[in-house]
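Work through these exercises with the model open beside you. Try each task before reading its solution.

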Amino acid sequence: MSTPAATSLRRQPSAQPVVGPILIVCLTNHALDQFLEALHAAGITGILRVGTGCKSDVLAQYTLYERSKLAQSSRSQRFLQRDCHTRSETIEQSLARLRQQLLKKYPAWSDVEDTLQLTAPHLYKSLLSKQHTEVCDEDGFEQVKLHPQDVWWQWVNSKDGNDMRQEDRASATAAVAVARQPTPAVLAFNRFGPLKDKGVPSRSHATNAAASSSTQGNHIAAALQPAASASKSRVRGVQELLGMRDAWTLTRDERQRVNMHLVQTVKAACIADLQRHMQRLAEVRQESQCAYADLDMNVLKRAQVIGMTTNGVASKQELVAAIGPKIVLVEEAAEVMEADILASLAPSTEHLILIGDHEQLRPKAQLYEMQCESGRGYNLNQSLFERLILCGHPTIYPELQDHEQMLQYPPVQGMAKNVFFWDHDHPEGGNDDTKSQVNGEEADLAARLAFYLKQQGYKEGEITILTPYVGQLRLISQAVAKYVDILIGDSDNEQLALLEEKGGRNSHAIGSQSSTHKGSQAMLKTTVLKEAVRLATVDNFQGEESTIVIFVLGQKQQGRQHWVSQHVQQGQ
């Protein structure tokens, strides 16, 4: 920033109109950090950076997050924040319980008990009546009273042959007890008299015993027969089944349908509860955000300069409207889409300052149909800055001259000239799938040159390697990482990931961390720009600067126009 502008920001409030905080908008986080660092170096301390992409140690204390932590909130704000936190935790616990209940493959008795008792009270009573039944087994031992869960499972899954009513089971138990009593014939047969005489019982005695046993067997079989069976000629509906008084008269199919109806009813109620809880959680979180927003606004109103990226402005429209900036300054405006600039304006804005160069690259529009070059009239990659120039706004280019400071840079150490072109005759290759040109020889030359410049005393953060092609960027990253640490921006990382998805050559993954190679061993290491060589494509380096730039253009291939020729014809 020039000295007069910086001085005007340092004036006392009494010496200038009260305009409120000035909103500064930049396309990238790195450009925003550089702009705000320049203001800080000029003596301006009323800086506030909004967003999480700050990589500057100087600006770390000026982020909205850090400033809000130091701000003193009121008693009402603290109470509202604690209350929202408590309610949010309670609702989240309820949501976890409902989610667990919905994911159950087989619902438990506790899940359907209340629904069954409410919709079918007679079935509920008859079902639980079995729980209190005392039955004796063959050895005469009393069985343990069944748990309702076991009764429910047996009722749902038992076969039709076991579908007998409770009173019939009691009758069957009594019949078994009677059958165990010895008959007169058996008593006569078991007397010790025949043993004394050492005789054999007569045929009549055996016949009477067999007849008696047959009679008892018929009695037991009759008792074990189901007392009632469902009519097979008509399918009863669920509502009719729920109105039955005896649960044990239902067939297995009917029980399964009743069970499915209860499960669906319970899940429907569970989903309704889930939606209500989610709505309540959204409302509580909205209250919490409002409580913290009030605290943030108190901090924002006290700032002189507020810095945001174009993405941050677009995602925080309510915040921009609440700030109400009267002055909005956009850096690199010629590379910012017109829609992004309009999103930076508020109803209170009175003065818009655009800083840029319309002779540099335009904004990036992914679809060719939306670009000016397509001739379809959408022109999304034409900035407001360029449109103003085309409408007759005066430019500075006819009288543009270098500043004296540009002539004070020291010569590049270890190089015969500060600017030179290194020509070669190694042809480039390409990939039909990715449509990105590559040249392995140039990637290796750039890597060795960066390593050589580092040996001349330059720090890694002072060296940047640029290329127009994403495929070439990938080759350069592999070559440079053998010698020095590298750092690749988020935008280029996204393009590299897309290149891999489209069938690019196999290579090591490049994430948000830099790749550090030492000999044959490779490891991942978190680094910052000052400790690494920056690798970037031309489009994603607009608005930034570096002490030394190594530009890998790509060798011209027969039958294809060179990248430099294309951009010279476009006037860029």
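How many bridges join E9 to strand E12? Three bridges join E9 to E12 (residues 533-537), and the two strands run parallel. Strands (E, at least two residues) and helices (H or I, at least four) are DSSP runs, numbered from the N terminus. Two strands pair if DSSP finds at least two bridges between them.

The model is predicted: local features need pLDDT of at least 70, side-chain atom pairs count only at pLDDT 80 or more, and totals for chains, interfaces and linings use all residues. Residues are numbered from 1 along each chain as its sequence is written, and side-chain values use heavy atoms, with hydrogens and water left out.

**Exercise 1. Place E9 and E12 in their sheet.**

Step 1. Find the bridge partner of Ile488. In E12, that partner is Leu535.

Step 2. Write the strand order. Four strands form an open sheet, E9-E12-E8-E13, with parallel pairing.

Step 3. Find the edges. E9 (486-488) and E13 (548-551) each have a single partner strand, so one side of each is left without a neighbour in the sheet.

Step 4. Read the twist. From one strand to the next, it averages 25°. Axes are lines fitted to C-alpha atoms, for helices over the stretch in contact, and angles run from 0 to 180 degrees between N-to-C directions.

Step 5. Add the helix. H19 (residues 470-480) packs on the sheet and touches E8 (463-467), E9 and E12. Contact means heavy atoms within 4.5 Å. The direction of H19 makes about 165° with that of E12.

**Exercise 2. Build the five-stranded sheet.**

Step 1. Write the order. The open sheet runs E2-E3-E1-E4-E5, with parallel pairing.

Step 2. Mark the edges. E2 (47-49) and E5 stand there, each with a single partner strand, so one side of each lacks a neighbour in the sheet.

Step 3. Read the twist. The average is 20° from one strand to the next.

Step 4. Check the pairs. Three bridges join E2 to E3, with Ile306 in E3 as the bridge partner of Leu48. Five bridges join E1 to E3, and Ile22 stands opposite Val305 in E3. Three bridges join E1 to E4, where Val330 is the bridge partner of Val25.

Step 5. Is E3 buried or exposed? Five of its five residues are buried, so E3 is largely enclosed by the rest of the structure. Buried means under 20% relative accessible area, exposed over 50%, and partly exposed in between (1.4 Å probe, protein chains only). Both faces of E3 are covered: Val305, Gly307 and Thr309 lie on one side, Ile306 and Met308 on the other.

**Exercise 3. Trace the largest nonpolar core.**

Step 1. Apply the rule. A nonpolar core is a set of buried Ala, Val, Leu, Ile, Met, Phe, Trp, Tyr and Cys residues joined through side-chain atoms within 4.5 Å.

Step 2. Count. The largest core has 28 residues, and Leu300, Ile306 and Val330 have the most contacts inside it.

Step 3. List the elements that give two or more residues. They are E1 (22-26), H13 (252-301), E3 (305-309), H15 (317-323), E4 (327-330) and H17 (384-390). The largest share, four residues, comes from H13.

Step 4. Inspect Leu300. Leaving aside neighbours within four places in sequence, Leu300 is in contact with Pro21, Leu48, Val50, Leu64, Ile306, Leu319 and Ile323.

Step 5. Look for another core. A second, separate one of 26 residues includes Val412, Ala450, Leu473 and Ala479.

**Exercise 4. Check individual residues.**

Step 1. Start with Glu332, in the loop between E4 and H16 (338-343). Its phi is positive, about 50°, although Glu332 is not a glycine. Glu332 is buried, at 16% relative accessible area.

Step 2. Turn to Asn379, in the loop between E5 (351-354) and H17. Its phi is also positive, near 50°. Asn379 is partly exposed, at 28%.

Step 3. Find Arg255 in H13. Arg255 is buried, at 0% relative accessibility. Its side chain reaches the backbone oxygen of Trp155 at 3.0 Å.

Step 4. Count disulfides, taken as pairs of cysteine sulfur atoms within 2.5 Å. The count is zero. For Cys84, the nearest cysteine sulfur is that of Cys290, 8.9 Å away. Cys84 is buried, at 2% relative accessible area.

Note on methods:
A polar contact is a pair of N or O atoms within 3.5 Å; within protein, one must be able to donate a hydrogen and the other to accept it, and residues adjacent in sequence count only if both atoms are side-chain atoms.
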